[in-house]
Amino acid sequence: MKTPEELMKLQTEALSASSAVMGKTLESFQKLAELNLKAATDSFSQSTEQLKTLMAAKDPQQAAKLLAEMAKPSPALSAYAKDFYELSSKAGAELAAMAEKQIADGNKQLMGAVELLAKNAPAGSEGAVQVLRTTLTAASAAYDQVFKATKQLSEQAEAGLANVAKATGMKKG
């Protein structure tokens, strides 16, 4: 049984962890909003300049040539996609690290509770306690495998993006 002080400590830790996650989430949204605002501003400026250039065309051939130029993919779009991916993957990695720590802490507390239960369990319940220990160990191992696979997939996606960036000549942030 937990003492009131231990429960207060657990609640304080949970509140601190929740606050850290919320802070990181808000920080990430703020950076994304700034990126989107910059992209919108740049796009508006570029469109305005393109329209001015198009309006200054002296003949239909020049206008057609300008329209063809404007229809080409914009390097700004590739840069935006790269920046968006970097922001979201960094935020995801930071939030995943926070979650991993919380889960590890939770697993330690749970295993501590199981050990306390085992010490105070009535005679003849050793089998049930062992099943509980085995279940928790298996669940923890399964989580570790999923986390490792997810991390590996994320690293492969990051490497793929780096290869695309290198192949298209985009410069790293």
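1. In this predicted model, helices H1 and H3 are roughly antiparallel to each other, because their axes cross at roughly 175° and angles over 145 degrees count as roughly antiparallel. The two axes come within 10 Å of each other. H1 covers residues 4-55, and H3 covers residues 75-120.

2. The contact of H1 with H3 draws on residues of each class: 13 are nonpolar, five are polar and six are charged. The cover over the buried residues of H1 includes H3.

3. H1 itself contains 52 residues. From its first C-alpha to its last, H1 reaches 75 Å, which is close to the 76 Å expected at 1.5 Å a residue.

4. Which residues of H1 are buried? Ala17, Lys24 and Leu35 are buried in this helix. A charged residue, Lys24, thus appears beside Ala17 and Leu35 in that list.

5. Lys24 merits a separate remark. This residue lies in helix H1, and its relative accessible area is 13%. Lys24 therefore counts as buried, since the cut-off is under 20% relative accessible area. Leaving aside residues up to four places away in sequence, Lys24 touches Glu94, Leu95 and Met98. Those three partners fall within the residue range of H3, 75-120.

6. Is Leu37 buried or exposed? Leu37 has its place in helix H1, and at 58% relative accessibility it counts as exposed. The cut-off for that class is over 50%. Between the C-alpha atoms of Leu37 and Ala56 there are 29 Å, and the two residues are 19 apart along the chain.

7. Leu51 is also placed in helix H1. Its relative accessible area is 53%, so Leu51 is exposed. Leu51 and Asn120 stand 69 residues apart in sequence, and their C-alpha atoms are 79 Å apart in space.

8. Thr53 is a further residue of helix H1. With a relative accessible area of 38%, Thr53 is classed as partly exposed. The C-alpha atoms of Thr53 and Ala128 are separated by 79 Å, and these residues are 75 apart along the chain.

9. As for the secondary structure of the whole chain, there are four helices and zero strands. Read from the N terminus on, the elements follow the order α-α-α-α.

10. How does the radius of gyration of the chain stand against that of a compact globule? The chain has 27 Å, whereas a compact globule of 173 residues would have a value near 16 Å. Taken along the principal axes, the C-alpha atoms fill a box of roughly 95 × 35 × 20 Å.

11. Burial across the chain can be given as a share: 7% of the 173 residues count as buried. Ala17, Lys24 and Leu35 of H1 are among the buried residues.

12. Contacts in the chain may be sorted by separation in sequence. Among those between residues at least 6 apart, 71% join residues at least 24 apart. The contact of Lys24 with Glu94 is one example of two residues that touch.

Note on methods. Residues numbered from 1 in each chain as written. Predicted model: local features only at pLDDT ≥ 70, side-chain atom pairs only at ≥ 80, totals over all residues. Heavy atoms only, no water. Axes fitted to C-alpha atoms, helices over the stretch in contact; angles between N-to-C directions. Helix = DSSP H or I, 4+ residues; strand = E, 2+ residues; numbered from the N terminus. Parallel < 35°, antiparallel > 145°, perpendicular 65-115°, else oblique. Expected span 1.5 Å × (residues − 1). Buried < 20%, exposed > 50% of the residue type's maximum accessible area, 1.4 Å probe, protein only. Contact = heavy atoms within 4.5 Å. Rg over C-alpha atoms; globule rule 2.2 N^0.38 Å.
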